[in-house]
Amino acid sequence: MTRTAIVTGGARGLGAAICQLAASQGYRLGVLDLRREDCASLIGTLPGSGHVALQADVTDEHSMRAAFDEFGVTPDVMVNNAGIVRFGALLEQSVADFRASVEVNLVGTYIGAREAGRRMVAQGRGAIVNMTSLNAVTPGPGAGAYPAAKAGVAKLTEHLSLELGPLGIRVNCVAPGFIDGGMSTPVYADPRVRQLRGGAVPLRRLGLVEEVAKAVMWLASDDAAYVTGHQLVVDGGVAHSVLLQLPRKVD
Ligand SMILES: NC(=O)c1ccc[n+]([C@@H]2O[C@H](COP(=O)([O-])OP(=O)(O)OC[C@H]3O[C@@H](n4cnc5c(N)ncnc54)[C@H](O)[C@@H]3O)[C@@H](O)[C@H]2O)c1
């Protein structure tokens, strides 16, 4: 039987890479994003057939419910990938920007997981993968509410795994590091930033959107059947590299 997946924020960036990989693995997709035309354009590039463009706002539970209804079947896999960043120092950031980040990243993930989980319970199985960030592990100065919101998503993932595990549903998250694509495209357009950040990673380069997609689809797959409540950090080792940056001996 054809496996199915809904990917939020699926029209571009990491979400589009996840959709590409899932479609190549035979999944029938619900590509969910703010604009139906963007979802439809992406679908035009996907292998396979039967993919559906779903227009919804992850912060709006009614539009999310309508999108799931439109998809028509309970997805085997739900990827809560939609996210935003509103840059700004904490002392300068507006409360509206802080709220918007929490709303899309954290509340939006909750709404997506709740909608998928309620439906997956009826069939006693399913896999949910949420998108966090390196910022959930170690906050980046100037990222506003983003680190707090993503850390919230990581904790929400653990919490969901406890409540949904006994119902046959696994819930995990992926924390990408310095990724050359999606919302970071403008950041890495500056060659000095590319060199600085890429060079500071133990694997000595930025990550690819395809490498994040592989981690997501591994957690979604039966190969990860005994993995739940886990945050898989995909960062070339940078989260644990403080002593690499601060050597004991300097030549
Ligand atoms: N690119 C990176 O470097 C990076 C690193 C770590 C984590 N992430 C995370 O990966 C995820 C994808 O980011 P990206 O880099 O692909 O960003 P992106 O901006 O390229 O794509 C995000 C997509 O989400 C959609 N979206 C935003 N708000 C939405 C809403 N309310 N409802 C529905 N869709 C909405 C956008 O329309 C867009 O298509 C995000 O959760 C982001 O925080 C990205």
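Where is serine 101 placed? Serine 101 sits in helix 4, and the legends below start there. This is a predicted model, so local features need pLDDT of at least 70 and side-chain atom pairs count only at pLDDT 80 or more, while totals for chains, interfaces and linings use all residues. Residues are numbered from 1 along each chain as its sequence is written, and side-chain values use heavy atoms, leaving out hydrogens and water.

**View 1. Serine 101 in helix 4.** Helices (H or I, at least four residues) and strands (E, at least two) are DSSP runs, numbered from the N terminus. Serine 101 is buried, with a relative accessible area of 0%. Here, buried means under 20% relative accessible area, exposed means over 50%, and partly exposed is in between (1.4 Å probe, protein chains only). Not counting residues up to four places away in sequence, serine 101 touches Ile84, Leu106, Ala145, Tyr146 and Ala149; a contact is a pair of heavy atoms within 4.5 Å.

**View 2. Helix 3 and its buried residues.** In helix 3 (residues 61-71), Ser63, Met64, Ala67, Phe68 and Phe71 are buried. They lie on the same side of helix 3 because they cover an arc of only 140° around the axis, the arc being that of the directions from the helix axis to the C-beta atoms. A handy rule: an α-helix has 3.6 residues a turn, so residues three or four places apart point the same way. Among the elements covering these buried residues are strand 1 (4-8), strand 2 (28-33) and helix 4 (95-123). At the start of helix 3, a side-chain oxygen of aspartate 60 comes to within 3.0 Å of the backbone nitrogen of histidine 62. After helix 3 comes glycine 72, with a positive phi near 95°.

**View 3. The ligand and its surroundings.** The ligand is surrounded by 26 residues, the closest being Leu14, Asp33, Asn81, Tyr146 and Ser184; a residue counts as near if one of its heavy atoms lies within 4 Å. A backbone N or O atom of asparagine 81 is 2.7 Å from an oxygen atom of the ligand. Leucine 14 has a polar backbone atom 2.8 Å from a ligand oxygen. The protein buries 93% of the 830 Å² that the ligand exposes when taken alone; these areas come from the Shrake-Rupley method with a 1.4 Å probe.

**View 4. The largest nonpolar core.** A nonpolar core is a set of buried Ala, Val, Leu, Ile, Met, Phe, Trp, Tyr and Cys residues joined through side-chain atoms within 4.5 Å. This one has 33 residues, of which Ile18, Leu29, Val31, Leu46, Val174 and Val216 touch the most other members. Helix 7 gives the most to this core, with eight residues. Leaving out residues up to four places away in sequence, valine 216 touches Ile18, Val79, Val129, Met131 and Val174. Apart from this core lies another, of 23 residues, among them Met78, Ile111, Ile128 and Leu160.

**View 5. Glycine 124 in a loop.** Look for glycine 124 in the loop between helix 4 and strand 5. Glycine 124 is partly exposed, at 39% relative accessibility. Beyond residues up to four places away in sequence, glycine 124 touches Leu167 and Gly168.

**View 6. Serine 161 in helix 5.** Serine 161 belongs to helix 5 (residues 146-164). Serine 161 is buried, with a relative accessible area of 9%. Leaving aside neighbours within four places in sequence, serine 161 is in contact with Pro166, Val171, Thr228 and Gly229.

Notes
Polar contact = N/O pair within 3.5 Å; in protein donor to acceptor, adjacent residues only side chain to side chain.
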